[in-house]
Amino acid sequence: KRLMAEVPFGVLLSGGLDSSLVASITSRLMNEMGRGPIHTFSIGLEGSPDLKYAKQVAEFLGTIHHEYHFTPEEGIENLQSLIYHLETYDVTTVRASLPMYLLSKHIHNEGFKMVLSGEGADEILGGYLYFHQAPNVLEFHKECKRRVNQLHSFDCLRANKSTMAWSIEARVPFLDQEFIDFAMLIHPNWKCFEKCEKWILRTAFDTKDDPYLPNDILWRQKEQFSDGV
């Protein structure tokens, strides 16, 4: 559904599990349609982990990879403009939005109109590291519900407004209504299995004969986007 587009598009790639899976699935589908390779985009400070892992994924998938760097000074210079577009002073949202905002500027300048992004998987599947502290599966599920219901105020706000500030449309496959309806009914035991976040998602794509991702990416521990860049 999200590949129906008549404009140049790419995939936001941080090198984390969610964006890497979106890139991998997109790459497969586009190759099947004879429309590959896809374009992937990443950003970070010089030497940041996200740049390293995103490059690894891009090389594994054979994408046309675009890597951008920014400096702390550039970030500070763009803060006022960013907050204007975000319409929020929430510290975590502003911190995480800054690299996405700067990356969207580069994507716009390259002539791309739409990007696929991995938002939503952490909320639906309990992917944040603090979910390990859930006292029981009922509280785990309640927190998933709370995070999903607040997406419009935080992660989706960030993704939507950071990209639309530069006239880029962000599409979020994990937030497909059918997927949400299905995934929220999965028993929490399968999400927090053996204390590995998003166990069910990782296992679903752990296909040894035809791997979607390198093993160290598929089982890489969650890292906050704003920390990774």
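These legends describe close-up views of a predicted model.

**View 1. The whole protein has eleven helices and five strands.** Its radius of gyration is 17 Å, close to the 17 Å that the globule rule gives for 229 residues, so the protein is as compact as a globular protein of that length. Along the principal axes, the C-alpha atoms fill a box of roughly 45 × 45 × 35 Å. Of the 229 residues, 48% are buried. Many contacts bridge long stretches of sequence: among those between residues at least 6 apart, 74% join residues at least 24 apart.

**View 2. Five strands form an open sheet with parallel pairing.** The strand order is β3-β2-β1-β4-β5. Strands β3 (64-69) and β5 (169-171) stand at the edges. Each has a single partner strand, so one side of each is left without a neighbour in the sheet. Neighbouring strands are turned by 30° against each other on average, direction ignored.

**View 3. Strand β1 pairs with β4 and with β2.** β1 covers residues 9-12, and β4 covers residues 114-116. These two strands pair in the parallel sense over three bridges. Here valine 11 has leucine 116 of β4 as its bridge partner. The pairing of β1 and β2 is also parallel, over three bridges. There, leucine 12 stands opposite phenylalanine 41 in β2.

**View 4. Helix α1 lies across three strands of the sheet: β1, β2 and β4.** The helix spans residues 17-32. It runs at about 150° to β1.

**View 5. Strand β2 is largely enclosed by the rest of the structure.** Five of its six residues are buried. Serine 42 is found in this strand. With 2% relative accessibility, serine 42 counts as buried. What does serine 42 contact, leaving aside its neighbours within four places in sequence? The contacts are Leu13, Leu51, Ala54, His65, His66, Glu67, Tyr68 and Leu103. Of these, His65, His66, Glu67 and Tyr68 fall within the span of edge strand β3 (64-69).

**View 6. Aspartate 122 and lysine 198 meet in a salt bridge.** The N to O distance is 2.7 Å. This pair links distant parts of the chain, 76 residues apart. Aspartate 122 sits in helix α5 (residues 121-125). Lysine 198 sits in the loop between α8 (177-183) and α9 (199-204). Are these two residues buried or exposed? Both aspartate 122 and lysine 198 are buried. The structure holds 16 salt bridges.

**View 7. Helix α7 carries a salt bridge between aspartate 155 and arginine 158.** The closest N and O atoms of the pair are 3.2 Å apart. The helix covers residues 155-164. The two partners are three residues apart, about one turn of the helix. Aspartate 155 counts as buried, at 16% relative accessibility. Arginine 158 is buried as well, with a relative accessible area of 9%.

**View 8. The buried residues of α7 are covered by several elements, including α3, α4 and β4.** Which residues of α7 are buried? They are Asp155, Leu157, Arg158, Ala159, Ser162 and Thr163. The cover includes α3 (72-86), α4 (91-109) and α6 (137-149). It also includes β4, α5 and β5.

**View 9. Arginine 171 forms a salt bridge with glutamate 169.** Their closest N and O atoms are 2.9 Å apart. Arginine 171 is buried, with a relative accessible area of 17%. Glutamate 169 is partly exposed, with a relative accessible area of 35%. Both residue numbers fall in the span of edge strand β5 (169-171).

**View 10. Four residues are linked in a network of salt bridges.** The members are Lys1, Arg2, Asp176 and Glu178.

**View 11. Cysteine 156 has no disulfide partner, as a search of the whole structure finds zero disulfides.** Why is there no bond from cysteine 156 to the closest cysteine sulfur? That sulfur belongs to cysteine 144 and is 15 Å away, too far for a bond. A disulfide needs cysteine sulfur atoms within 2.5 Å. Cysteine 156 counts as partly exposed, at 22% relative accessibility.

Conventions:
Residues numbered from 1 in each chain as written. Predicted model: local features only at pLDDT ≥ 70, side-chain atom pairs only at ≥ 80, totals over all residues. Heavy atoms only, no water. Pairing = 2+ DSSP bridges. Helix = DSSP H or I, 4+ residues; strand = E, 2+ residues; numbered from the N terminus. Axes fitted to C-alpha atoms, helices over the stretch in contact; angles between N-to-C directions. Contact = heavy atoms within 4.5 Å. Buried < 20%, exposed > 50% of the residue type's maximum accessible area, 1.4 Å probe, protein only. Salt bridge = Lys/Arg side-chain N within 4 Å of Asp/Glu carboxyl O. Rg over C-alpha atoms; globule rule 2.2 N^0.38 Å.
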